[in-house]
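Grab a coffee and open the viewer. Here are some short exercises, each with a worked solution to check yourself against.

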Amino acid sequence: MGRGVEESSLMAFYDELETRNAEQRAADLAKALPRQIAQAQANAKGYGAALADVDAAQVVDLAALAKLPVLRKSDLVAAQKSTPPFGGYAAHGVAGFDHVFQSPGPIYEPGMRGRDWWRMGRGLFAAGVGKNDVVQNCFSYHLTPAGMMFENGAAAVGATVLPAGTGQTELQVQAAAALGVTAYTGTPDYLKVILDKAAEMGVELGQLKKAVVGGGALFPSLRAEYADRGIACLQGYGTADLGSIAYETPAMEGMIVDEGVIVEIVTPGTGNPVSEGEVGEVVVTTLNPDYPLIRFATGDMSAVLAGQSPCGRTNMRIKGWMGRADQTAKIKGMFVRPEQVADLVARHGEVSKARVVVTRDGEADSMTVLCEAANGANVEQIEASVRDVLKLRGRVELQASGSLPNDGKVIDDQRSYD
């Protein structure tokens, strides 16, 4: 476990993985990645043809990984309907897991009790949670995995857990006071509900000093309010399928990518990595052999943050959640999807980036396609491709290189429905 879990300074580390240099990290990846691809080929039959012709031994870095197909949640949902319960993407059947969860979709996710299976301990440790803490875990324990994910993480760092879930706020306040709760895990806003209820009841919760939140946006004003109340609040970023993806440290400069996953930022609707700093969709490969998700598209937007965290951890940083990548819009009765926009760009080597802008012209939809393009680009040819790929007529406007916003949007629906 590295230095003891009771340490909470910036320079305390969960284990030696967090401080690997670039050469060691690349060498470890060159071993772990082929092993995980081979595991998926052997035990996760859902990949089928997608990985059938892949030589796992050659997938040793991000460049090789980027050549593999992306797995989308919609693909997983469809596979689970045809091959229940896990769609052929888990290495074991139901009996091989300790838990099975259901998330909206519905989609089923497996889980294990031991080994900090979802890797939540690392983010809790970074927030200073350890063996002397009592954690009020207000993530739901009902059907969805969040409650158990943080339960496992708290166990990994030696903390005691009050499995509170949501609701019954007065009882939550009473329990927090009686048990001397020192840390909170749950959604960002529910902590305020508890604190406000405690103030209303005249109950002092001054021992509560730490919070690790997720499942929603932590707005700066809310974080500042918690700080004013003496609570250091940090964010974790994860999903029910993947577990922990990234987490904040007290340095609060971006989010550190977890050591058990590989994160790529790609152009929405594609598997093509973007340049460092450019906003795109978060695609994750997990190194969990029980559930080997390869290039799983989260649907979330983020960007790589350059440089190394001041906290001393050396892994890649991302800027955190920056919106959703699913920008599908219905225009003149036709659906336009990000992958179609990517296809449009691919057809024209002179076009580096495109953005579909949807507005209203009177009572009719209007579509304009903004294209960053080199000199000599032929508008008429691009418009012909728009009709062919998007199945709609739209005006093409050429833009200077670098002029489109760096927000990851490829479909900008500006129509008002008020």
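A term to have ready: helices and strands here are DSSP runs, with at least four residues for a helix and at least two for a strand, numbered from the N terminus. Keep in mind too that this is a predicted model.

**Exercise 1. Find which residues the UniProt domain annotation covers, and describe that span.**

Solution. Start with the record: the unreviewed UniProt entry places "domain: AMP-dependent synthetase/ligase" on residues 132-285. Next, look at the ends of residues 132-285, whose C-alpha atoms lie 34 Å apart. Finally, the make-up: the span is 29% helix and 29% strand.

**Exercise 2. Work out what the buried residues of helix H10 pack against, then describe how H10 meets H11.**

Solution. Step one is to list the buried residues of H10 (residues 338-346): Pro338, Gln340, Val341, Ala342, Leu344 and Val345. Step two is to see what these pack against. The partners are strands E17 (334-336), E18 (351-361), E19 (364-373) and E21 (411-413), along with helix H11 (379-390).

Step three zooms in on the helix pair. H10 and H11 pack at an angle of about 145°, and their axes are 10 Å apart. Their crossing is right-handed. On the H10 side, the contact uses Gln340, Val341, Asp343 and Leu344; on the H11 side, Ile382, Ser385, Val386, Val389 and Leu390. Sorted by class, that contact of H10 with H11 has 6 nonpolar, 2 polar and 1 charged residues.

**Exercise 3. How many disulfides does the structure hold, and what is the situation of Cys233?**

Solution. The disulfide count is 0. For Cys233, look for the nearest cysteine sulfur: it belongs to Cys138 and is 12 Å away. A disulfide needs the two sulfur atoms within 2.5 Å, so a pair beyond that doesn't qualify. Now check accessibility. Cys233 counts as buried because its relative accessibility is 4%, and Cys371 also counts as buried, at 1%.

**Exercise 4. Is Gln36 buried or exposed, and which residues does Gln36 contact?**

Solution. First, locate Gln36: it is in helix H1 (residues 22-43). Its relative accessibility is 4%, and the cut-off for buried is under 20%, so Gln36 counts as buried. Then set aside neighbours within four places in sequence. What is left in contact with Gln36 is Thr286, Leu287, Asn288, Pro289, Pro292 and Ile294.

**Exercise 5. Look at the backbone at Pro85, Asp116 and Arg295, and say what stands out.**

Solution. Begin with the background: most residues other than glycine have a negative phi, and most peptide bonds are trans.

- Pro85: the peptide bond from Pro84 to Pro85 is cis, with omega near 0°. Pro85 sits in the loop between helix H4 (73-82) and strand E2 (99-103).
- Asp116: phi is positive, about 45°, though this isn't a glycine. You'll find Asp116 in the loop between strand E3 (107-111) and helix H5 (121-126). Asp116 counts as buried because its relative accessibility is 12%.
- Arg295: phi is positive here as well, about 50°, in a residue that is not a glycine. Arg295 is in the loop between strand E12 (280-286) and strand E13 (296-302). At 0% relative accessibility, Arg295 counts as buried.

Terms used:
Residues numbered from 1 in each chain as written. Predicted model: local features only at pLDDT ≥ 70, side-chain atom pairs only at ≥ 80, totals over all residues. Heavy atoms only, no water. Buried < 20%, exposed > 50% of the residue type's maximum accessible area, 1.4 Å probe, protein only. Contact = heavy atoms within 4.5 Å. Axes fitted to C-alpha atoms, helices over the stretch in contact; angles between N-to-C directions. Left-handed = near helix turned anticlockwise from the far one by under 90°. Nonpolar A, V, L, I, M, F, W, Y, C, P; charged D, E, K, R; others polar. UniProt positions renumbered as here; feature names shortened; annotations may be inferred.
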